[in-house]
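Let us walk through this protein chain from its overall form down to a few individual residues. The aim is to see where the backbone does something out of the ordinary, and what surrounds those places.

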Amino acid sequence: MTQYTPQPTKLETSGGQGYLRVATEEAWWPQEVVAVYRGMLERGEGGPGFHSLIGHYLTSQSDRAKFVVSRLADTGELRLADMDAAGVDHAVLSLTSPGTNSLEPALGTQVATIANDRLAEACAANPARFSGLATLGFEEPDSAVKELDRAINQLGLKGVVCNSHIRGRYLSDTAFWPILEAIEACDVPIYLHPQTPNDSMISTLLESGLDGAIFGFAIETSMHALKIVTSGVLDRFPKLRIVLGHMGEALPFWLYRFDYMHKGQVVSKRYEAIKPLELTPSDYLKRNFWYTSSGMPWGPTIDYVRKVVGADRVMYAMDYPYEYAPDEVRMQDQLDWTLAEKKMFFEDIPVSVFGLDRDAMTS
C-alpha cells in the first residue's frame with residue numbers, strides 16, 4: 001500500500017480553513033462506569049471479550065493504555081488541548097465500548113441513566129465543543145424507551161450509541177424492536193459502535209491477538225449491521241438512521257456480493273433466517289446508513305466509499321482517544337476535493353445527521 005505523507009500545516013480550530021471539523025466517534029466514560037467495570041473484573045464477570053478489552057485498559061501500565069484511560073473520563077483540559085492541537089472544533093461524545101451492553105439488564109438500565117446525566121452535564125458545560133449520544137439499557141426495552149425520551153427531549157442528547165452486541169444478542173432480535181421503533185419516531189440516529197466479538201465467536205480471534213480494533217471489531221460490527229439488513233428490520237422501520245464507523249466496517253466493499261448471494265439464498269430457501277426483502281441489501285446500505293472515517297483516514301478508501309454509497313453519506317471522525325494522530329486530520333484536510341466537498345464531509349453532514357447546533361459551535 002502506498003502510504004500518504006501529509007504536508008506539514010498548522011492545525012487550528014474556528015474554521016479558518018473554510019469549515020469546522022466535527023469529530024463524530026469520540027469515546028468517553030464517567031467514573032461511575034469505571035467503578036462498575038472494575039467490580040466486574042474483580043468478580044470475573046463479563047466474559048472473555050470484556051476482560052480482553054476492559055481488563056487491558058484498566059490494568060495495563062503501557063503508555064498507550066494510560067493515555068487512553070486518562071482521556072476517556074476527561075471533558076476538560078486534557079481533551080480540549082488534544083482537540084485544539086488536532087484542529088477539532090467539536091466532538092460528538094458517546095459512552096465507550098462495551099457501554100451497558102456487557103451488563104446485567106437492571107444494572108445496564110441504571111448505568112445508562114447515570115451515563116446520560118453525566119454526558120449531558122459535560123455538553124451543557126461546553127456546548128461549543130461537545131455534543132453527546134445517549135446510551136440505553138437495551139435488555140429492558142420499556143425502560144430503554146423511557147430513557148430515550150428523557151435523554152433526547154430533556155437532556156438534549158443527539159442520538160443513541162449501541163456498542164454492538166448486547167451480551168451476544170443483536171438489534172435484529174425482535175425483542176429490541178420497540179427500542180428501534182422509538183428511535184425512528186424520535187428521528188435521531190443510532191451509532192452502531194464496535195466491541196469485542198461475543199463469546200461464541202471470539203476464541204480464535206483472541207488467541208491470535210485479532211479480537212480488537214485490528215480486525216475483530218470490524219467482523220463483529222459488520223455482521224451486526226448485516227443482520228439488521230437481512231432480518232427485515234429496515235422494512236419494518238424504513239426511516240431508521242444508522243451510523244457506522246471505520247468506513248462502514250468494510251461493508252461498502254461487498255455491495256455486489258451481498259446482493260448476488262442474498263438473492264441466491266432467498267431462491268434456494270437454504271436458511272430460515274433469510275427472507276425476501278423489499279429492496280436489495282445494497283439499497284439499505286445506501287438508504288439507511290451513514291459512514292464515518294474513524295481510524296480510516298486513507299484517501300483511496302474514503303474516496304471509494306463516497307463513490308459507492310454517495311458523498312452525502314460519508315463524514316469525519318477521529319476515534320479519540322483510541323486513535324489520536326493529528327497527521328490523520330492533515331491527511332483528510334489535504335484530500336483532492338473542492339472546499340465545498342470538504343465542508344460537507346467535516347461539518348455539514350454531521351450537523352445534519354446529528355442535528356447539531358451550528359450557532360453553539362461558533363459562539
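The loop between β2 (90–95) and α5 (105–125) is a good place to begin, for it holds Pro98, and in this predicted model the peptide bond leading from Ser97 into Pro98 is cis, with omega near 5°. A second cis bond joins Tyr320 to Pro321, where omega is near 0°, and Pro321 again sits in a loop, in this case the one between β8 (314–315) and α15 (326–333). Such bonds merit attention because most peptide bonds are trans, just as most residues other than glycine have a negative phi.

With these loops located, the chain as a whole can be considered. It is built of 17 helices and 8 strands, and its radius of gyration is 20 Å, close to the 21 Å that the globule rule gives for 363 residues, so the chain is as compact as a globular protein of that length. Taken along the principal axes, the C-alpha atoms fill a box of roughly 55 × 50 × 45 Å. Of the 363 residues, 55% count as buried, and among the contacts with a separation of 6 or more, 76% are between residues 24 or more positions apart.

The surface and the charges can be described in a similar way. The accessible surface of the chain comes to about 15400 Å², and carbon and sulfur atoms account for 53% of that area. The chain carries 33 positive and 47 negative charges, and the mean positions of these two sets are 4 Å apart.

Which residues of helix α7 are buried? Within this helix, which spans residues 177–186, they are Trp177, Ile179, Leu180, Ala182, Ile183 and Glu184, so that a glutamate is included in the list along with Trp177 and Leu180. The elements against which the buried residues of α7 pack are α6 (141–153), β4 (160–162), β5 (190–192) and α10 (233–236). Just after α7, the backbone at Asp187 takes a positive phi of about 55°.

Positive phi values also appear within helix α11, which covers residues 246–249 and contains Met247. Although Met247 is not a glycine, its phi is positive, at about 55°, and the residue is buried, with a relative accessible area of 0%. Glu249 lies in α11 as well, and its phi is near 50°, a positive value in a residue other than glycine. Is Glu249 buried or exposed? With a relative accessible area of 4%, Glu249 counts as buried, because the limit for that class is under 20%.

A last stop is Pro30, found in the loop between β1 (22–28) and α1 (31–43). Pro30 is buried, its relative accessible area being 6%. Which residues does Pro30 touch, if those up to four places away in sequence are not counted? They are Leu95, Ala115 and Arg118; Leu95 falls within the range of β2 (90–95), while α5 (105–125) takes in the other two positions. Pro30 and Leu72, for their part, are 42 residues apart in sequence, yet their C-alpha atoms are 7.9 Å apart in space.

Methods:
Residues numbered from 1 in each chain as written. Predicted model: local features only at pLDDT ≥ 70, side-chain atom pairs only at ≥ 80, totals over all residues. Heavy atoms only, no water. Buried < 20%, exposed > 50% of the residue type's maximum accessible area, 1.4 Å probe, protein only. Helix = DSSP H or I, 4+ residues; strand = E, 2+ residues; numbered from the N terminus. Contact = heavy atoms within 4.5 Å. Rg over C-alpha atoms; globule rule 2.2 N^0.38 Å. Areas by Shrake-Rupley, 256 points an atom, 1.4 Å probe, with all protein chains shown as cover. Lys, Arg positive; Asp, Glu negative; His and termini not counted. Charge placed at Lys NZ, Arg CZ, Asp CG, Glu CD.
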